[in-house]
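User: Hello! I am new to this structure and would like a close look at one part of it. Please take me through it in one connected answer.

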Amino acid sequence: MSDMTLKGATVTAAEAASRSAVLKRLRLTDTIFHGLTRVAALAVLVLLSGVIIALVIGAAPALGTFGFSFLFDESWNPVTEKFGALAPIYGTLVTSAIAMLIAVPVGLMIAFFLTELCPMVLRRPIGIAIELLAGIPSIIYGIWGLFVFAPFLQQYVQPFLIDAFGSIPVLSTLFQGPPYGIGMLTAGLILAIMVLPFVTSISRDVFDAVPPVLKEAAYGVGCTTWEVFRYVVLPFTRVGVIGGFMLGLGRALGETMAVTFVIGNAHHVSASLFAPGTTISASIANEFTEAVGDIYTSSLVALGLILFFITFIVLAIARYMLMRLQQRVG
Amino acid sequence: MTNTTIATASSPLYSGRRRRNAIAKTLAWIATAFGLGWLILILGVLLYQGIGGLSLSVFTEMTPPPGAAGGLLNAIVGSLIITVLAVLIGTPIGILAGTYLAEYGRHDKLSSVVRFINDILLSAPSIVIGLFVYEIMVAPMGHFSGWAGAVALAVIVIPVVVRTTEDMLTLVPDTLREAAASIGLPRALMIMRIAYRAARAGIVTGILLAVARISGETAPLLFTALNNQFFSVNMSQPMPSLPVVIFQFALSPYEEWQKLAWTGALLITITVLALSVIARSLTASRKSS
């Protein structure tokens, strides 16, 4: 505009026309680009709803045949076409529980080390190393678990556990049966190693967000390092830490390849942790391409739907909690 | 007032606190050593097992039938094709959606919903993505195909790219945007010429991280691209890929296959680690400059 007034009368009609053409073109570009980005953002929504709809449609035949009892039935028989999800659900929950029992305390302690104890020079390298552990594809954990970890457990750890706990009432049921090497315990332990970096790096980020003034005040009244962590850092970041756990749990529940290699794929609910079992994702990975018949395939899709439902809830809680912490800090 | 009411360095209360502190610190050291120990152990075994099989024939020969020698050429080529296509499909959508979240709709309702859904997709079990693509592509078309595999991986690429693009664009100072607006640059041009340039390193990092993420993904390929014993560049046919071949070979009873599986695993790990290191160094240099 200022341009126009400067030049004043020199603006000819042709110039004005070409100017308005340029402006029009620019406006059009802007509208198109705005529209494109909006469509892409909506595509993300469509993607998630698409996943849910596709799974529901795929699972419908099985859920229609077996009804609600699909969730509580242990049988899994491709010959008689009788399927139930109890064993995979049980295996998923048990292996994830083992993983979280180990990964949560260890991950917290590593995060404590990284934020409070670690010498400054080592802080970045160790942090990066832990994150690299998170980047290793799950199939690597699987192949390592099958060839290295499972034989090691079978030879050394499992016999030891049987000897140690065989005579104690409750624990003896957990550790009974022959040591196969593969089974729920092995799968849970590998999951623990996989989830550990997630729990660690989120906890570390969350701990770093604590305002230094709070910590300094606590040190000022004479708290020890541990007391500052336990009574200042942890309570302040509680929501975020729990959010991090949930994120790790979501990972453990849905993890496929690492588990598939070492779980043994047996549709049984067994109290012993040494027994081969199966998880939802391992069942799908093992059987989907070989499944014959609509009901078999559909039952596997139904398993996928259940898995998606569980992880969705867990992840939603995780995000909600992390968001709450962010609002508090920022 | 006598000294006894004041906790001194030798009082039981203080020594108890100090002991607890020492125990906690020791446990933290042990936990860190434990965590890093796994990394060293896994990488060590992988190197030890994989490096023996690493030879030129791995890159020049096809996957062998049971009991014969061979390489991984068809699997490597298949993986490359599927990965490149997945990135080509997923990246534009991801960048555009991330742009919407950071530029046009930073505070609107749609963005907060998309952000939430995107975070869910980011950590959704990849096997479920495989089932989804099976339902929408493989089942209707009646056969497994390389396209289906590429689409499945693209679904995994999108949320990663959306997330990093948004984060990186948000980091671009608003003064740059205001300067562009003040000289009359329309918003679309401001984004393409100013914001994208300022955030370029970060966006490229996001894409690299997405590639790292999908290059080891197995679960979504199992029943989309399936596998193929032979060399194939036909996207509408089943296509071999490195992770699926590793899965098949590792669980087989044949020693040659198991050996190739270890070699393939080493190749994937090197790729993934290299990609993450490059991605990290890109953002690191940006921060320091």
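Where in chain B is the place of B:Thr218, and what surrounds that spot?

Analyst: Happy to help! This is a predicted model, in which local features need pLDDT of at least 70 and side-chain atom pairs count only at pLDDT 80 or more, while totals for chains, interfaces and linings use all residues. Residues are numbered from 1 along each chain as its sequence is written, chains are lettered from A and ligands numbered from 1 in the order in which they are written, and side-chain values use heavy atoms, leaving out hydrogens and water.

B:Thr218 sits in the loop between helix H9 (200-215) and helix H10 (219-222) of chain B. Helices here are DSSP runs of H or I with at least four residues, numbered from the N terminus. With a relative accessible area of 1%, B:Thr218 is buried; that word means under 20% relative accessible area, against over 50% for exposed and in between for partly exposed, using a 1.4 Å probe and protein chains only.

Who are its partners? Leaving out residues up to four places away in sequence, B:Thr218 touches B:Pro243, B:Val244 and B:Phe247 in its own chain, and A:Ile139 and A:Met257 in chain A. Contact means heavy atoms within 4.5 Å.

That brings us to the meeting of the two chains. Here 81 residues from chain B and 78 residues from chain A take part. Together the chains bury about 7100 Å², with 83% of it on carbon and sulfur atoms; buried area is the accessible area (1.4 Å probe) that two parts lose on being put together, summed over both.

Charged pairs appear too: the count between chain B and chain A is 3 salt bridges, each a side-chain nitrogen of Lys or Arg within 4 Å of a carboxyl oxygen of Asp or Glu. A:Arg319 and B:Asp119 meet in a salt bridge through their side chains, at 3.8 Å from N to O. On the side of chain B that touches chain A, helix H1 (residues 12-51) of chain B gives the largest share, 20 residues. That side divides into 61 nonpolar, 11 polar and 9 charged residues, where Ala, Val, Leu, Ile, Met, Phe, Trp, Tyr, Cys and Pro count as nonpolar, Asp, Glu, Lys and Arg as charged, and the others, Gly among them, as polar.

For a second contact point, look at B:Ile120, in helix H4 (residues 109-123) of chain B. B:Ile120 counts as buried at 1% relative accessibility. Apart from residues up to four places away in sequence, B:Ile120 touches A:Leu48, A:Phe312, A:Leu315 and A:Ala316.

Definitions and conventions
Helices (H or I, at least four residues) and strands (E, at least two) are DSSP runs, numbered from the N terminus.
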